[in-house]
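Welcome! Please take a moment to look over the sequence and the model below, and then we will walk through some of its residues together.

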Amino acid sequence: MNIGIVCYPTYGGSGVVATELGIALAKEDHKVHFMSYSQPFRLNQFSENLFYHEVSVNDYPLFEYQPYESVLASKIVDVAIYERLDVLHVHYAIPHASVAYMAQQILKSKKIGLPYVTTLHGTDITLVGRDPSFEPVIRFSLNQSNAITSVSESLMKDTLKTFKIDNKIEVIPNFINIEDYKSSTGQCSKKHYAPHGEKIMVHVSNFRKVKRVEDVIAIFNKVRAKLRCKLILVGDGPERSAIETLARKSKHHADIVSLGRIPNPMDVLCIGDLFLLPSETESFGLAALEAMAMKMPVISTNAGGLPEVNLTGKTGFTSNVGNIGEMATNAIKLLSDDKLLEKFRQNAFAHAKKFDVNVILPMYENLYKRLVTKNKKK
Ligand code: GMT
C-alpha cells in the first residue's frame, strides 16, 4: 500500500509512534510518505520505502499567524495524486484531522477517494481538545474520519466523554520493537554514573507541566535519604530550567544529572534500575513502555492509560497523582531488595513484549486494508 503519514516531528510521543509505525510499515514493503514541517526526529535512517515531504510555509508580512493548515492540506493533495496514496493516517487530532478532511474533499472534487485514519494521542483530547475554541472543528473532523484509533482504553473513554462522537473508536495501543531493546543491552556500562554500584533512577520526558518533573526530584530526595542512588533526567522542554534550579537546591544535587535531549533514550535506559513517571495525565505513557522494554520497573501515577501499561504490584507501582510519599516508599521497596527488583524487571519485560510491533502492526495494516477495500467499492 501507499500510505501517507502526517505527524508532529518534534520530541513527543505522538511523533515517535507515527515515525516508528512508518518505519515498521516500510519494512513490510509498504511505501510510506511522511508529511510535516520538519523531518521527524526519529526518521534517521534510509529505506527505499520511506519518503519525507516537507511542508514549508512562506513568510508573508500580512500573516500574523502562518496558515500551516492550508499548506499542509495542499501538500497532502499533491502527494496523494502523484504518489497514488491509498490511505492517509494522521497522528494527533489538532489540526491534522480537519486538514485531512479538507484534503479529502479537494481530492473528491477530482474524483479521487482518500480515506483517512485519525489517531488520538492524548493531549489533543485531554488538554487542548477540551478548549471550547477547538471543540466544533475537532468533533466534526473526528466524525468525518473514516476510522479513529486511540492509544489506550482510557483515552477512548475520555474522548467519548468529552465529545459527541458517532464514529467507533478502535483501541490500538502504542508499541515498541522489542528486538531493538534486546540488542542494545550489551553496550551499557553503569560505571560512569554509578561508580560505587549505586542504583540509578531515570526520568525521560519533554518537561511539560503535565509531567510533574518536580515530583521526580521530590521522590528522589526521599529515596536518596534512605539509600545511595543516582537520578538521571533525560529530555528538554518548558520546565527544564525550573527543574534544574530545584535539583541544585537539593541536598543531593551531586547525585542528579540532567542530560537534556539525547538521540536515543535507550542508551540511558539500559543502565537504569527504576523509571519514574509521576505525570498529571498520560494517555498511554510510551516513555514507561520503552523503559519496561529495557527491563526497568516503573513508579508512576495511575492517571489515564498508565495502569494499562504499568501493572501495579507486578511491573512497578502506580499511585495517585501527587502522592510522593507512596511513590518514594515503593521505590525504596524495589531498590533495596535485589531479588524483588529482578522479579519486577522480568515482569516489566514480559508485559512490554505484549506491545511488540509484531503484535500491534497487523492491527494498523488490517485497518488500512479494510478502508482501502471499502474505498475501492465506492
Ligand atoms: O506526553 C507528551 O507531552 C507528548 C504527547 C504527544 O502527543 O506527543 O504524548 C502523548 O502521546 C503519547 C504517544 O501516544 C503517549 O504515550 C503520551 O502518554 C501522551 N501524553 C499525554 O497524554 C500527556
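Let us start with Ser-205, which is buried, with a relative accessible area of 11%. Here, buried means under 20% relative accessible area, exposed means over 50%, and partly exposed lies in between (1.4 Å probe, protein chains only). The model you see is predicted, so local features need pLDDT of at least 70 and side-chain atom pairs count only at pLDDT 80 or more, while totals for chains, interfaces and linings use all residues. Residues are numbered from 1 along each chain as its sequence is written, and side-chain values use heavy atoms, with hydrogens and water left out.

**Ser-205 and Glu-282**

You will find Ser-205 in the loop between β8 (199–204) and α8 (213–226). Helices (H or I, at least four residues) and strands (E, at least two) are DSSP runs, numbered from the N terminus. The side chains of Ser-205 and His-203 are joined by a polar contact of 2.9 Å. A polar contact is a pair of N or O atoms within 3.5 Å; within protein, one must be able to donate a hydrogen and the other to accept it, and residues adjacent in sequence count only if both atoms are side-chain atoms. Leaving aside neighbours within four places in sequence, Ser-205 is in contact (heavy atoms within 4.5 Å) with Lys-211, Val-213, Val-234, Gly-235 and Asp-236.

Glu-282 also sits in a loop, between β11 (274–277) and α11 (286–293). Is Glu-282 buried or exposed? Glu-282 is buried, with a relative accessible area of 12%. Its side chain makes a polar contact of 2.5 Å with that of Ser-279. Beyond neighbours within four places in sequence, the contacts of Glu-282 include Lys-211, Leu-277 and Ala-303.

**Around the ligand**

How many residues surround the ligand? There are 19, and the closest are His-121, Asn-206, Arg-208, Lys-211 and Glu-282; a residue is counted if one of its heavy atoms lies within 4 Å. Helix α1 (residues 13–27) gives the largest share of this shell, three residues. By class, the shell has five nonpolar, eleven polar and three charged residues. The table shows some distances from an oxygen atom of the ligand.

| Residue | Partner atom in the residue | Distance |
|---|---|---|
| Asn-206 | N or O atom in the side chain | 2.7 Å |
| Arg-208 | N or O atom in the side chain | 2.2 Å |
| Gly-285 | polar backbone atom | 3.0 Å |

The protein covers 95% of the 480 Å² of accessible area that the ligand has on its own.

**Residues in helices**

Leu-289 lies in helix α11 and is buried, with a relative accessible area of 0%. Not counting residues up to four places away in sequence, Leu-289 touches several others, among them Asn-174, Phe-175 and Val-309. Lys-75, in helix α2 (residues 68–82), is partly exposed, with a relative accessible area of 24%. The C-alpha atoms of Lys-75 and Ser-36 are separated by 9.3 Å, although these residues are 39 residues apart along the chain.

Finally, look at helix α5 (residues 135–144), whose buried residues are Ile-138, Ser-141 and Leu-142. Seen down the axis of α5, these residues fall within an arc of 105°, so they line one face of the helix. The arc is that of the directions from the helix axis to the C-beta atoms. An α-helix has 3.6 residues a turn, so residues three or four places apart point the same way. The buried residues of α5 pack against α3 (93–109), β5 (116–120), α4 (123–126), β6 (147–150) and α6 (153–162).

Methods. Areas by Shrake-Rupley, 256 points an atom, 1.4 Å probe, with all protein chains shown as cover. Nonpolar A, V, L, I, M, F, W, Y, C, P; charged D, E, K, R; others polar.
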